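Thanks for making the time this morning; I would like to walk through one structure with you, going from its surface charge to its helices and then to its charged pairs. Please have the sequence and the model open as I talk.

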Amino acid sequence: MVTDLSSDDVSNRMLLKKSAEASVEDLKMAEVETENRRQKKEAEKARRRLPNVEKKISRLEETMASLEGDMLKFGDQAERLAELMEKQGALQAELDGLYDEYESLEAQLFPATN
C-alpha cells in the first residue's frame, strides 16, 4: 500500500526529527555541564582540604622524628623500645594514608595533561 504524504506531512516529520536531534544534543550538553560543575565542586573541596593534609603530614613527620630520638634514647630498654616501635608503626600507617590522600588531592587539582 502506497501512502501519499502531503508536503505538510513531510515537513512535520522533518521538524519532529530535527526537534528530537536537538533534544538529544541538549541532553548531552546538560550532562557535560553537570559533569563540569561536579568537577569544579570536587576541585574546590580538594583545594580546601589540601592545606589541612599538609599540616597533618608536617605534624606527623615531627612526631616521627621525636619518636626516633626516643627510640635511640631508650634503645637499651627492650620493653620501652617495643612500645615505641609499635607507636612508630601506627604513625607510619597514618602518614602513608595522608601521603596517599595528598597525592589524590593534587591529582584532582592538577590533572595530567596529555
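**Charge, helices and pairs**

Let me begin with helix H2, residues 78-109, which gives the most to the negative patch, with 4 residues. Before going further I should say that this is a predicted model, so please hear every value that follows as computed from that model.

Which residues form the negative surface patch? They are Glu-54, Asp-96, Asp-100, Glu-103 and Glu-106. Taking one of these, Glu-106 has its place in helix H2, and with a relative accessibility of 30% it counts as partly exposed, because the partly exposed class runs between the under 20% that defines buried and the over 50% that defines exposed.

Staying with H2, we can ask about its geometry: how far apart are its end C-alpha atoms? They are separated by 46 Å, and since 32 residues at 1.5 Å a residue should span 46 Å, the expected and the modelled values agree. As for what the helix turns away from the surface, its buried residues are Leu-84, Leu-91, Leu-95, Leu-98, Leu-105 and Leu-109. Gly-89, which also has its place in helix H2, is by contrast partly exposed, with a relative accessible area of 42%.

Now to the charged pairs. As a reminder, side chains of opposite charge can pair when their charged atoms come close. The structure holds 6 salt bridges, and I will go through three of them in turn.

The pair I would take up to start with joins Glu-35 to Arg-38, where the closest N and O atoms are 2.6 Å apart. Both residues belong to helix H1, residues 7-73, and because they are 3 residues apart there, about one helical turn separates them. Glu-35 is partly exposed at a relative accessible area of 31%, and Arg-38 is likewise partly exposed, at 42%.

Next come Lys-45 and Glu-42, whose side chains meet in a salt bridge with an N to O distance of 4.0 Å; since the cut-off is a nitrogen within 4 Å of a carboxyl oxygen, this pair should be read with that limit in mind. Here too the partners lie in helix H1, 3 residues apart, about one turn of the helix. Lys-45 is partly exposed with a relative accessible area of 47%, while Glu-42, at 29% relative accessibility, also counts as partly exposed.

The last pair I will describe is Arg-47 with Glu-44, with the closest N and O atoms 3.3 Å apart, and these two again lie in helix H1, 3 residues apart, about one turn of the helix. Arg-47 counts as partly exposed at 47% relative accessibility, and Glu-44 is partly exposed at 33%. This pair does not stand alone, as Glu-44, Arg-47 and Arg-48 are linked in a network of salt bridges.

Finally, two distances to help you find your way around the model. The C-alpha atoms of Gly-89 and Arg-38 are separated by 37 Å, with their positions 51 residues apart along the chain. Lys-73, found in helix H1, is exposed with a relative accessible area of 59%, and from C-alpha to C-alpha Lys-73 and Met-14 are 86 Å apart in space, at 59 residues apart in sequence.

Methods: Residues are numbered from 1 along each chain as its sequence is written. This is a predicted model: local features need pLDDT of at least 70, side-chain atom pairs count only at pLDDT 80 or more; totals for chains, interfaces and linings use all residues. Side-chain values use heavy atoms; hydrogens and water are left out. Patches are made of residues with over 30% relative accessible area and no salt bridge: like charges are joined within 9 Å, nonpolar side chains (Val, Leu, Ile, Met, Phe, Trp, Tyr) within 5 Å. Accessible areas come from the Shrake-Rupley method with a 1.4 Å probe; for residues, only the protein chains shown count as cover. Lys and Arg count as positive and Asp and Glu as negative; His and the chain ends are not counted. The place of a charge is taken as NZ of Lys, CZ of Arg, CG of Asp or CD of Glu. Buried means under 20% relative accessible area, exposed over 50%, partly exposed in between (1.4 Å probe, protein chains only). The expected span of a helix is 1.5 Å times one less than its number of residues.
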